[in-house]
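Visitor: I am new to reading protein structures, and I would like to go through one slowly with you. Could you show me the chain, please?

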Amino acid sequence: MAETAETQQVDGRQAARAERRAAKLAKQIGAFAKEHGGAEGHLAHTGQTGTRIVLVGQDGGWGDLVAPSYEVADSAALKSGITMHAEFDGDFAARIRTGPYEWSRMAGIQLGGPSNNR
């Protein structure tokens with residue numbers, strides 16, 4: 001029985017940690033939305049490293065956050081109150097506005113420039 005109580009205590013600490021992380025991410029999502037006149041998002045699995053929360057502001061600004069799990073990312077998105085998209089489709093992607101920095105970085109990667117981490 002001691003193992004069960006210990007396991008429950010560990011599970012409780014992990015759940016509390018996940019809840020704190022989700023709350024922190026929700027606050028960051030809210031700040032992004034406020035800065036960009038509102039925001040919408042999409043959750044993208046990144047494998048063992050967690051889940052990426054992709055954010056697109058109403059002004060076309062974009063950014064992302066990484067949560068340790070899909071559950072934490074989903075909880076953060078729900079807490080933030082933004083609209084979430086099941087797919088990162090063409091209509092949603094078309095809202096993103098990129099600037100010279102993004103274009104030069106993408107070109108550098110494609111051309112094997114200094115941005116390429118080989």
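Visitor: What pattern does the chain follow when it is read along the sequence?

Guide: A good way to begin is to list the helices and strands in order, and please keep in mind that this is a predicted model. Read along the sequence, the pattern here is α-β-β-β-α-β-α-α, which gives four helices and four strands in the chain.

Visitor: In what order do the four strands stand in the sheet?

Guide: The order in a sheet has to be read from the pairing of strands, and here the four strands form an open sheet in the order E3-E2-E1-E4, with mixed pairing. E3 and strand E4, which covers residues 83-85, stand at the edges with a single partner strand each, so one side of each is left without a neighbour in the sheet. From one strand to the next, the twist averages 30°.

Visitor: How many bridges join E1 and E2, and in which sense do they pair?

Guide: E1 and E2 pair in the antiparallel sense, over seven bridges. You can follow this pairing residue by residue, since alanine 39 stands opposite glycine 57 in E2, and histidine 42 has valine 54 as its bridge partner in E2. The hairpin of these two strands has five residues between them, and in this hairpin glycine 47 takes a positive phi near 85°.

Visitor: And do E1 and E4 run parallel or antiparallel?

Guide: E1 and E4 run parallel and are joined by three bridges, and in this pairing glutamate 40 stands opposite threonine 83 in E4. E1 is also mostly covered, as five of its seven residues are buried.

Visitor: Where does H2 lie with respect to the strands?

Guide: To place a helix, one looks at the strands in contact with it and at the angle between the directions. H2 lies across E1, E2, E3 and E4, and runs at about 170° to E1. Just after H2, glycine 81 takes a positive phi of about 80°.

Visitor: Which residues of H2 are buried, and why can they be said to line one face?

Guide: The buried residues in H2 are Val72, Ala73, Ala76 and Ala77. Seen down the axis of H2, these buried residues fall within an arc of 135°, and therefore they line one face of the helix. The face of H2 turned away from that buried side carries the exposed residues Glu71 and Leu78.

Visitor: How many residues does the largest nonpolar core have, and which have the most contacts inside it?

Guide: The largest nonpolar core has 15 residues, and those with the most contacts inside it are Leu25, Ile29, Ile53, Leu55, Leu65 and Ala67. Two or more residues of this core come from each of helix H1 (2-35), strand E1 (39-45), strand E2 (51-57), strand E3 (62-67) and helix H2 (70-80), and H1 gives the most, with five residues. To see one member from close by, take isoleucine 53, which touches Leu25, Ile29, His42, Leu43, Gly63, Asp64, Leu65, Ala67 and Ala73, if residues up to four places away in sequence are not counted. For the chain as a whole, 26% of the 118 residues count as buried.

Visitor: How many salt bridges does a search of the whole structure find?

Guide: Side chains of opposite charge can pair when their charged atoms come close. A search of the whole structure finds three salt bridges. In one of them the side chains of lysine 79 and glutamate 19 meet at 2.5 Å, N to O, and this pair links distant parts of the chain, with lysine 79 in helix H2 and glutamate 19 in helix H1, 60 residues apart.

Visitor: Which residue forms a salt bridge with arginine 95?

Guide: Arginine 95 forms a salt bridge with glutamate 40, and their closest N and O atoms are 2.5 Å apart. Arginine 95 lies in the loop between helix H3 (90-93) and helix H4 (100-110), while glutamate 40 lies in strand E1, so the pair ties together parts that are 55 residues apart in sequence. Glutamate 40 has a relative accessible area of 14%, which is under the 20% cut-off and so makes it buried, whereas arginine 95, at 35%, counts as partly exposed.

Visitor: Where do aspartate 64 and arginine 52 lie in the chain?

Guide: The side chains of aspartate 64 and arginine 52 meet in a salt bridge at 2.6 Å, N to O. Aspartate 64 is in strand E3 and arginine 52 in strand E2, twelve residues apart.

Terms used: Residues numbered from 1 in each chain as written. Predicted model: local features only at pLDDT ≥ 70, side-chain atom pairs only at ≥ 80, totals over all residues. Heavy atoms only, no water. Core = buried A, V, L, I, M, F, W, Y, C linked by side-chain atoms within 4.5 Å. Buried < 20%, exposed > 50% of the residue type's maximum accessible area, 1.4 Å probe, protein only. Contact = heavy atoms within 4.5 Å. Pairing = 2+ DSSP bridges. Axes fitted to C-alpha atoms, helices over the stretch in contact; angles between N-to-C directions. Arc of directions from axis to C-beta. Salt bridge = Lys/Arg side-chain N within 4 Å of Asp/Glu carboxyl O.
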